[in-house]
Amino acid sequence: MREIVDAREMRRMIVRLAHQIVEKNKGTEGLILIGIKTRGVPLAGRLQEAIRSIEGVEVPVGALDITLYRDDLTPIDPSGDPVVKGKQLPEDLTGRRVVLVDDVLYTGRTARAAMEAVIDHGRPAVIQLAVLIDRGHRELPIRADYVGKNVPTSRRERIAVELAETDGRDRVLLLGEAR
C-alpha cells in the first residue's frame, strides 16, 4: 500500500479540475455536475464549491446511482433484483451541459452506465466526464474530459480513493495485488 495523493494534492487537483471545466464550457451557463454514487457525489460537491469560489455562481449538483445500468455486476439484493438507491436529478436534462463526476476511471463501464442513465432524463447538449484518477485499462472506448491525475497501474493493482465525507480522510492509495 502506497499513498499516491495526499489531502493537499487532492485539493489542488479539484481546483484545477474546476478551472478546466469552467474554461472548456466557456463559463457556467447550462452547466450541471452529476456525481456518480458513491464517491463521485462528494467530489461533485467539492467541484461545485471550487467553481463558486472561481466564478461566484452556484452550479447545480445532482447524484446518480447507476446500479440498474451496469452490465458487469451481479445483483446485490437476495431476490436477484438490482438495488437502486435513487437519484437526485432535475426532471429534464435536455440542453444542459452535464459533467459526470467519479473518483476512478478504469474499464469505462461505470461511465457508460452513467451516460445511459443521464440520457434517460433528457437529451443533454453535451456529456463530459471528470475523474479524480484515471488508471487506464479501458474495456470500452471512453475517455475522461478532465483528469486530476493519471496513475498507470497493472490489472492486479487497485486504487482506493478515500474522502473525508465517506472515509474520514482525504487520500488516494495504490494497493498491491487484488485478491
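**Entry 1: the three-stranded sheet**

How many bridges join S1 to strand S8? I looked this up and found three bridges, with S1 and S8 (residues 171-175) running antiparallel. Before going on, I noted that this is a predicted model, in which local features need pLDDT of at least 70 and side-chain atom pairs count only at pLDDT 80 or more, while totals for chains, interfaces and linings use all residues. I also noted that residues are numbered from 1 along each chain as its sequence is written, and that side-chain values use heavy atoms, with hydrogens and water left out.

My labels H and S follow DSSP runs numbered from the N terminus: helices are H or I with at least four residues, and strands are E with at least two. Two strands count as paired if DSSP finds at least two bridges between them. As a reminder to myself, strands of a sheet pair through backbone hydrogen bonds, either parallel or antiparallel.

S1 belongs to an open sheet of three strands in the order S1-S8-S7, with antiparallel pairing. Its edge strands are S1 (2-5) and S7 (158-162), each of which pairs on one side only. From one strand to the next, the twist averages 30 degrees. For angles, axes are lines fitted to C-alpha atoms (for helices over the stretch in contact), and the angles run from 0 to 180 degrees between N-to-C directions. I found one bridge to point at on screen: Val5 has Val172 in S8 as its partner. Helix H1 packs on this sheet and touches S1, S7 and S8, its direction making about 30 degrees with that of S1.

**Entry 2: the five-stranded sheet**

Next I traced an open sheet of five strands, in the order S3-S2-S4-S5-S6, with parallel pairing. S3 (61-64) and S6 (146-150) are the edge strands, each pairing on one side only. Here the twist averages 25 degrees from one strand to the next.

I then followed the bridges across this sheet. S2 and S4 run parallel and are joined by five bridges, and I spotted Ile34 opposite Leu100 in S4. Eight bridges join S4 to S5, again parallel, and there Leu105 stands opposite Asp134 in S5. S5 (residues 126-134) pairs with S6 in the parallel sense over four bridges, with Ile133 opposite Lys149 in S6.

Is S4 mostly covered or mostly open? S4 is mostly covered, as eight of its nine residues are buried. Buried means under 20% relative accessible area, exposed over 50%, and partly exposed in between (1.4 Å probe, protein chains only).

**Entry 3: the helices**

H1 (residues 7-24) lies across S2 (31-36), S4 (97-105), S5 and S6, and runs at about 150 degrees to S6. H3 (residues 109-119) lies across S2, S3, S4 and S5, at about 155 degrees to S4. In H3 I listed buried residues, among them Arg109, Ala113 and Val118. Their cover includes S2, S3, S4 and S5.

H1 also packs with H2 (residues 40-55) at an angle of about 65 degrees, their axes 9 Å apart. The contact (heavy atoms within 4.5 Å) includes Ile14, Leu17 and Ile21 of H1, and Leu43, Leu47 and Ile51 of H2.

**Entry 4: odd spots in the loops**

The peptide bond from Lys37 to Thr38 caught my eye: it is cis, with omega near 15 degrees. Thr38 lies in the loop between S2 and H2.

I found a positive phi, near 55 degrees, at Lys26, a residue other than glycine. Lys26 sits in the loop between H1 and S2 and is exposed, with a relative accessible area of 78%. His137 has a positive phi too, near 70 degrees. His137 is in the loop between S5 and S6, and at 23% relative accessibility it counts as partly exposed.

**Entry 5: the whole chain**

I finished by stepping back. The protein chain has four helices and eight strands, running β-α-β-α-β-β-α-β-β-β-α-β from the N terminus on. Of its 179 residues, 47% count as buried.

From the record, I copied that UniProt places "short sequence motif: PRPP-binding" (unreviewed entry) at residues 98-110; such annotations may be inferred rather than shown by experiment, feature names are shortened, and positions are in the numbering used here. The end C-alpha atoms of this span lie 16 Å apart, and the span is 15% helix and 62% strand.
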